[in-house]
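Work through the exercises below with the sequence and the model at hand. Each task is followed by a solution in steps.

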Amino acid sequence: MEAMEKTLNNYLEQIDKYLKPMPVSERVDIVKEIQSQMLELQQNGSLPEQIIERLGSPKALAKAYLGETISKTHSFSWRKLSAVIAFYSLAGFGGMMVLPFTSICGIAFMFTGVLCPIMGIIKFGAHLVGIEMPEIGIVYNNYTVSAAAFLPISFVTGIVLFVVGWLFWKLTIFTIKAMSRGKKKLVC
C-alpha cells in the first residue's frame with residue numbers, strides 16, 4: 001500500500017515541478033484536481049500503474065495544463081510570459097522553432113509600438129522649446145521629416161507596430177492551444 005502511494009506521490013511531484021512557473025494557487029489547484037482523480041480511480045479498483053498509464057507522462061499532462069491556462073485569456077502579462085516560457089520548454093521541437101519567434105516578435109513589436117509615439121512627443125516637445133533632436137526622426141537620403149510631421153507619423157507607426165505585435169501574441173496563444181490539445185480527460 002505504501003509503495004502505491006509513493007508511486008502516485010512521485011507522479012504528482014513531477015507534475016508540480018513542471019508547473020513551477022505558474023502561480024502557486026493555480027499549481028496547487030491543478031495538483032489537487034489530479035490527486036482527486038487519482039483517488040477516485042483508486043477507489044474504483046485501478047492500480048497505480050493503471051492510473052499513471054491513463055494519465056500519461058507527467059511532462060505531457062503538465063504541458064496540456066499549461067497550454068490550457070495560457071489560452072484562457074488573450075491579454076499579455078509578465079506572469080503569462082513565464083508560463084509561455086515554461087510551456088516552450090515542454091513543447092518539443094515544434095515549440096522550439098515557432099514559440100520563441102512569435103512570442104519575442106509579439107513583445108518587441110508591442111514595445112516598439114508604445115515607444116514610437118513617445119519618441120514623437122519628445123521630438124515635437126523639444127522642437128517647441130528650440131532643441132533639435134536629429135537622433136529621433138525619419139531620414140531618407142538627404143530629406144529629413146520635420147518634427148511637426150514626425151509627430152502624427154510616429155502615432156500611426158506606433159499603432160501599426162502595436163497591432164502587428166498583438167497579432168504575433170495571438171499567434172503564440174493559438175500555437176499553444178494547438179499544441180496542448182492532447183490534454184487527457186481524467187474523469188472515467
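**Exercise 1: Overall layout**

Task: Give the order of helices and strands along the chain, and state how much of the protein is buried.

Solution. Step 1: Along the sequence, the pattern reads α-α-α-α-α-α-β-β-α. Step 2: This corresponds to seven helices and two strands; helices (H or I, at least four residues) and strands (E, at least two) are DSSP runs, numbered from the N terminus. Step 3: The model is a predicted one, in which local features need pLDDT of at least 70, side-chain atom pairs count only at pLDDT 80 or more, and totals for chains, interfaces and linings use all residues. Residues are numbered from 1 along each chain as its sequence is written, and side-chain values use heavy atoms, with hydrogens and water left out.

Step 4: Of the 188 residues, 36% count as buried. Buried means under 20% relative accessible area, exposed over 50%, and partly exposed in between (1.4 Å probe, protein chains only). Step 5: The accessible surface comes to about 11200 Å², and carbon and sulfur atoms hold 66% of that area; accessible areas come from the Shrake-Rupley method with a 1.4 Å probe, and for residues only the protein chains shown count as cover. Step 6: Among contacts (heavy atoms within 4.5 Å) with a separation of 6 or more, 74% join residues 24 or more positions apart.

**Exercise 2: The salt bridge**

Task: Find which side chains meet in a salt bridge, and place both partners.

Solution. Step 1: A salt bridge is a side-chain nitrogen of Lys or Arg within 4 Å of a carboxyl oxygen of Asp or Glu. Step 2: The structure holds one salt bridge, and its partners are Arg 27 and Asp 16, at 2.8 Å from N to O. Step 3: The pair links distant parts of the chain, with Arg 27 in helix 2 (residues 24-43) and Asp 16 in helix 1 (residues 2-18), 11 residues apart. Step 4: Arg 27 counts as buried because its relative accessibility is 10%, whereas Asp 16, at 24%, counts as partly exposed.

Step 5: Helix 1 also holds Leu 12, which is buried with a relative accessible area of 8%. Step 6: Leaving aside neighbours within four places in sequence, Leu 12 is in contact with Val 31, Ile 34, Gln 35 and Met 38. The C-alpha atoms of Leu 12 and Met 38 are 9.8 Å apart, with their positions 26 residues apart in sequence.

**Exercise 3: A buried lysine**

Task: Examine the surroundings of Lys 123 and state what lies by its side chain.

Solution. Step 1: Lys 123 is found in helix 6. Step 2: Lys 123 is buried yet has no salt bridge, and the nearest side chain of opposite charge, Glu 132, is 5.1 Å away. For this purpose Lys and Arg count as positive and Asp and Glu as negative, while His and the chain ends are not counted. Step 3: A polar atom of the Lys 123 side chain lies 2.7 Å from the backbone oxygen of Ile 136. Step 4: Beyond neighbours within four places in sequence, the contacts of Lys 123 include Met 133, Pro 134, Gly 137, Val 145 and Phe 150.

Step 5: Ala 147 is another contact of Lys 123. Ala 147 belongs to helix 7 and counts as buried because its relative accessibility is 5%. Step 6: Ala 147 and Lys 123 are 24 residues apart in sequence and 6.2 Å apart in space, C-alpha to C-alpha. With neighbours within four places left aside, Ala 147 is in contact with Lys 123, Phe 124 and His 127.

**Exercise 4: The nonpolar patch**

Task: State which elements give two or more residues to the nonpolar patch on the surface.

Solution. Step 1: Patches are made of residues with over 30% relative accessible area and no salt bridge; like charges are joined within 9 Å, nonpolar side chains (Val, Leu, Ile, Met, Phe, Trp, Tyr) within 5 Å. Step 2: The members are Phe 111, Val 114, Leu 115, Ile 118, Ile 122, Ile 159, Phe 162, Val 163, Trp 166 and Leu 167, with about 890 Å² of accessible area together. Step 3: The elements that contribute two or more residues are helix 6 (93-128) and helix 7 (147-179). Step 4: Val 114, in helix 6, is partly exposed at a relative accessible area of 44%.

Step 5: By contrast, Trp 169 of helix 7 is buried, with a relative accessible area of 1%.

**Exercise 5: A positive phi**

Task: Where does Asn 141 lie, and is Asn 141 buried or exposed?

Solution. Step 1: Asn 141 lies in the loop between strand 1 (139-140) and strand 2 (143-144). Step 2: Asn 141 is exposed, with a relative accessible area of 65%. Step 3: Its phi is positive, about 50°, although Asn 141 is not a glycine. Most residues other than glycine have a negative phi.

Definitions and conventions:
A polar contact is a pair of N or O atoms within 3.5 Å; within protein, one must be able to donate a hydrogen and the other to accept it, and residues adjacent in sequence count only if both atoms are side-chain atoms.
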